[in-house]
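Here is a friendly walk through one protein model, written for someone who likes to check contacts and distances directly. Have your viewer open as you read.

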Amino acid sequence: MTEREFSNWEALYQEQAVETMPWFNPSLDPDVEEALLKLELSNGSVLDLGTGPGTQAIALAKRGFQVMATDLSEAAIRQAAAKANQEGLEISFRQDDILNSRLEQSFDLILDRGCFHVLPPQSRRTYVQTVANLLKPKGYLFLKCFSQEETREQGPYRFTPDEIQQIFIERFALCSAKQTVYHGTLDPLPKALFCILKKH
């Protein structure tokens, strides 16, 4: 399998308005909203992994969650933190690399709406271990990634529910995997997989 090439995230956030990015969605992702209702989660600590423009972190903070948001790009973190400050929200923003994370606390919920599916295949095991270690016992990971049904040539790696189960099986149970779309600026919307995983 050839490795996919991805943007220099730092340069991207310095040069481009976040509203034009393919994954920009100003409100809480509908799949995340549905999962929170289904699991009756209305408070607790959340890590928004690969926060990018910070829209999901902001939406979750407005709902009363204690949110930490991380991204590889310092420019993304600066912009997202400025936006949260404008709205008077207390969100802890950190520049961090999930494959070499410096985070020390643990969370009730981790949201990944676009980080995992751009990681090189050889790093997936590190990702699974790190994310599991950052979750409290019985904590949830909401994972949104490109689905195998997406036909575009470009973009992130694609996954089937079975592949997700295999990758995460050591530390997580796959509660559900739903075929959905990435709500963003692309037309047509890319096909996505929304997975709810529970730490063993």
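What follows is a short briefing, grouped by topic.

This is a predicted model, so please read each distance and accessibility as a computed value. The topics are the nonpolar cores, one helix and its surroundings, two buried residues, and the salt bridges.

**Nonpolar cores**

- The largest nonpolar core has 27 residues, and the members that touch the most other members are Ile110, Tyr127, Leu141, Leu143, Ile164, Phe168 and Phe172.
- Six elements each give this core at least two residues: strand 1 (45–49), strand 4 (107–112), helix 5 (124–134), strand 5 (135–147), helix 6 (161–168) and strand 8 (191–199).
- Helix 5 provides the largest share of the core, with five residues.
- Leu141 is a good residue to centre your view on: beyond four places in sequence, its contacts include Ile110, Tyr127, Phe168 and Phe172. Also among the residues that Leu141 touches are Asp112, Val131, Leu135, Cys195, Ile196 and Leu197.
- There is also a second, separate core of 26 residues, and Val67, Ala69, Ala84 and Tyr140 are among its members.

**Helix 4 and its surroundings**

- Helix 4 covers residues 74–86, and its 13 residues should span 18 Å at 1.5 Å a residue; the end C-alpha atoms are 18 Å apart, so the model agrees with the expected value.
- The buried residues in helix 4 include three alanines to start from, Ala75, Ala76 and Ala80. Ile77, Ala81 and Ala84 of helix 4 are buried too.
- Among the elements covering these buried residues are helix 1 (9–15) and helix 3 (55–62), together with strand 2 (66–71) and strand 3 (92–95).
- At the start of helix 4, Ser73 brings a side-chain oxygen to within 3.3 Å of the backbone nitrogen of Ala75.
- Just after helix 4 comes Gly88, with a positive phi of about 70°.

**Two buried residues: Arg158 and Val128**

- Which side chain of opposite charge is nearest to Arg158? It is Glu150, at 4.6 Å, and Arg158 is buried without a salt bridge. The cut-off for a salt bridge is 4 Å between a side-chain nitrogen of Lys or Arg and a carboxyl oxygen of Asp or Glu.
- Arg158 sits in strand 6 (residues 158–159), and its side chain has backbone oxygens to turn to: that of Pro156 at 2.4 Å and that of Gln154 at 3.2 Å from a polar side-chain atom.
- Setting aside neighbours within four places in sequence, Arg158 is in contact with residues including Arg4, Phe146, Ser147, Gln148 and Glu163. Its other contacts include Glu150, Thr151, Arg152 and Glu153.
- Val128 belongs to helix 5 and counts as buried because its relative accessibility is 3%.
- Beyond four places in sequence, Val128 touches Ile167, Phe168, Arg171 and Phe172.
- Val128 and Ser27 are 101 residues apart along the chain, and their C-alpha atoms are separated by 27 Å.

**Salt bridges**

- How many salt bridges does the structure hold? There are eleven.
- Asp29 and Arg113 form one of them, with their closest N and O atoms 2.7 Å apart. Asp29 is in the loop between helix 1 and helix 2 (30–38), while Arg113 is in the loop between strand 4 and helix 5, so this pair ties together parts 84 residues apart in sequence. Both Asp29 and Arg113 are buried.
- Asp31 and Lys178 also meet in a salt bridge, at 2.7 Å from N to O. Asp31 belongs to helix 2 and Lys178 to strand 7 (residues 172–181), so the two tie together parts that are 147 residues apart in sequence. Asp31 is buried, at 4% relative accessible area, whereas Lys178 is partly exposed at 30%.
- Glu170 and Arg125 make a further salt bridge, at 3.0 Å from N to O. It links distant parts of the chain, with Glu170 in the loop between helix 6 and strand 7 and Arg125 in helix 5, 45 residues apart. Glu170 counts as partly exposed at 46% relative accessibility, and Arg125 is exposed at 54%.
- A network of salt bridges links Asp29, Asp31, Glu34, Arg113, Lys144 and Lys178.

Note on methods:
Residues are numbered from 1 along each chain as its sequence is written. This is a predicted model: local features need pLDDT of at least 70, side-chain atom pairs count only at pLDDT 80 or more; totals for chains, interfaces and linings use all residues. Side-chain values use heavy atoms; hydrogens and water are left out. A nonpolar core is a set of buried Ala, Val, Leu, Ile, Met, Phe, Trp, Tyr and Cys residues joined through side-chain atoms within 4.5 Å. Buried means under 20% relative accessible area, exposed over 50%, partly exposed in between (1.4 Å probe, protein chains only). Helices (H or I, at least four residues) and strands (E, at least two) are DSSP runs, numbered from the N terminus. Contact means heavy atoms within 4.5 Å. The expected span of a helix is 1.5 Å times one less than its number of residues. A polar contact is a pair of N or O atoms within 3.5 Å; within protein, one must be able to donate a hydrogen and the other to accept it, and residues adjacent in sequence count only if both atoms are side-chain atoms. Lys and Arg count as positive and Asp and Glu as negative; His and the chain ends are not counted.
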